[in-house]
Amino acid sequence: MMRWLSSIRLALARIAAEPLASLFTLTALASAFGLSMTVIAWSSNAPGAGAHDPFASEATLYLKDERPTGSGEALAKRIRSIDGVTSVRLLPREESLQRLQSRLGEGLLSGLDGNPLPDAVIVRIAPELPLERVDALISGWRDDDIVDEVHADRELAQRIREIGRSAARLAHSVVLLLLLSSAVVVFNTIRLQLAGRQHEIELVRLLGAPASFVRRPFIAHGAVLGGLGAALGWGLSSLWGSSVAQSIAPLVSAWGLPAPAAALPTPWGLAALIAGGLLGGATAWLGVARMLRRIDAR
Amino acid sequence: MIRLERVSKRYPGSGDVLSDLSLQIESGEMISLLGASGAGKSTLLRLLGAIERPSAGRVEVFGQDTGRLRAAELAMVRQRIGLIFEDYKLLNDRSALDNVLVPLEIGGYAHQEALRRARAALDKVGLGRREKALPVALSGGEQQRLCIARAVVSRPALILADEPTGNLDPEQAAGIADMLRAFHAVGTTIVVATHDPVFRKRLAGRVLRIGSGQAVEDAAGADA
């Protein structure tokens, strides 16, 4: 443990001793990690990527004209008792017509014989309800004897959901590429370090240094670079995220959607730091292993 | 301590450098390896130092067959051997003290104890006042003494020296010989490859002449 601590201290000293090179390396790493974290944070807001689908939160059940008296109220009561249903309102056909008239104007509907609109039940569903459950509810209502039609904008919701899922898939690919590029940055930095210290490595191997003795400082260096890069990236991601979140806040509230996650939550951020360190350490390990194989083969 | 049984060593694209060589070196011996350039002295030292494995035969160092050891075990064997190189192989960006500290860091010594031992080793080779000097600031003789300090600092049971006076004038060579004799006097086994008869004579001890891939006892050399 003390040897690792000492190696980490030496790695920090090396990074500080080459400020310009370290600045470039850390900027590249912070950008890659920051973009990854931003993409992860924002892709969790995409419709269909999370646990809920805000576009499926309201359903209109149009009732048949020929139905037993009071069956509409009974259906509304039944729906009200379902977990995940936030509000239910029975909309009589007269009120529907009134609304239509107020929207379109009296003149347009004056030629109609009576009221062509059916009674309807407007159901609001909690956004947290899983999509499968929403689909099951709508399907059940559609099969009800007194329900003529259910309108839930499923096609639009489905399309938006698909777009959201594709965006999430794309985001994951982008994250993978960014992490790969971070690994390449660390690998190249360590490779340069190894090349600069090849004589020293060959000598300590001659003097009986085990592979772990040679590997330790480089793995520590890679891990410190990865951890620092992830920490700076987290900071950048939080800055970008909060600035974008502020600018779209009015739009989000107009849609009645929950506020989007602006940045990675703290536990995720801390996990990202550890992951950054592990990625850096593992990449460095690969670099040293390659060189040791080459030296030992001679 | 060291036993070679019918050892051959060849490199890709060349014939046998050593051929069917058998040899035994007891603990506490002082051995001089004589022979022309290319005779195989350095190859033999690399085999003894567990730096290379034989192409055929068996090399036993400290009772262990180096041809069968895994990399980690070979490293452990090497830690018990002090190596002195003709070209010194010093770390030029580190001070004399830091150079001597390297084997102690490998051996896992606590920092304070390592410092104490490294300074003692530098004192022993007469470089106590130059611990902060970089190798490039030292003369050839001083660099070789620094190399010796690094070789002896972890008190190895075996010291292997490859042409330790190749780049030194006779006076400096005599100083190195006296130093090696001093370490031999306290029980360290020493094997020195040299083509310098004056240096060999000053070392005394057993002489092996390497030629045509073989080693033969050289009674005349020993008496000289």
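Is B:Glu163 buried or exposed? B:Glu163 is buried, with a relative accessible area of 8%, where buried means under 20% relative accessible area, exposed over 50% and partly exposed in between, with a 1.4 Å probe and protein chains only. The structure is a predicted model, in which local features need pLDDT of at least 70 and side-chain atom pairs count only at pLDDT 80 or more, while totals for chains, interfaces and linings use all residues. Residues are numbered from 1 along each chain as its sequence is written, chains are lettered from A and ligands numbered from 1 in the order in which they are written, and side-chain values use heavy atoms, with hydrogens and water left out.

**Positive phi and accessibility**

B:Glu163 belongs to the loop between β7 (158–162) and α6 (170–185) of chain B; helices (H or I, at least four residues) and strands (E, at least two) are DSSP runs, numbered from the N terminus. The phi of B:Glu163 is positive, near 45 degrees, in a residue other than glycine. B:Asp20, also not a glycine, has a positive phi near 55 degrees. B:Asp20 sits in strand β2 of chain B.

The table lists relative accessibility for residues placed in helices or strands.

| Residue | Element | Relative accessibility |
|---|---|---|
| A:Ile8 | helix α1 of chain A | 34%, partly exposed |
| A:Ser96 | helix α4 (residues 93–104) of chain A | 13%, buried |
| A:Glu149 | strand β4 (residues 147–151) of chain A | 47%, partly exposed |
| B:Asp20 | strand β2 of chain B | 34%, partly exposed |

**The sheet of chain B**

Chain B has an open sheet of 4 strands in the order β2-β1-β4-β5, with antiparallel pairing. Its edge strands are β2 and β5 (64–65), each of which pairs on one side only. Two strands pair if DSSP finds at least two bridges between them. Strands β1 (residues 2–10) and β2 (residues 16–25) of chain B are antiparallel and share 6 bridges; among the partners, B:Arg10 is bridged to B:Asp16 in β2(B). The two strands make a hairpin with 5 residues between them, and B:Gly13 in the turn has a positive phi of about 80 degrees. On β4 (residues 56–61) of chain B, β1(B) has an antiparallel partner joined by 5 bridges, and B:Arg3 has B:Glu60 as its bridge partner there.

**Surface patches of chain A**

A:Met1, A:Met2, A:Leu5, A:Ile8, A:Leu12 and A:Leu228 make a nonpolar surface patch of about 620 Å². Helix α1 (residues 2–17) of chain A gives the most to this patch, with 4 residues. A patch of negative charge on the surface gathers A:Asp65, A:Glu66, A:Asp148 and A:Glu149. Patches are made of residues with over 30% relative accessible area and no salt bridge, joining like charges within 9 Å and nonpolar side chains (Val, Leu, Ile, Met, Phe, Trp, Tyr) within 5 Å. A salt bridge is a side-chain nitrogen of Lys or Arg within 4 Å of a carboxyl oxygen of Asp or Glu. Accessible areas come from the Shrake-Rupley method with a 1.4 Å probe; for residues, only the protein chains shown count as cover.

**Helices of chain A**

In helix α8 (residues 198–206) of chain A, the buried residues are A:Glu200, A:Ile201, A:Leu203, A:Val204, A:Arg205 and A:Leu206. A:Gly208 follows α8(A) and has a positive phi, near 100 degrees. A:Ser96 of helix α4 is 19 residues from A:Asn115 in sequence and 9.3 Å from A:Asn115 in space, C-alpha to C-alpha.

Conventions
Lys and Arg count as positive and Asp and Glu as negative; His and the chain ends are not counted. The place of a charge is taken as NZ of Lys, CZ of Arg, CG of Asp or CD of Glu.
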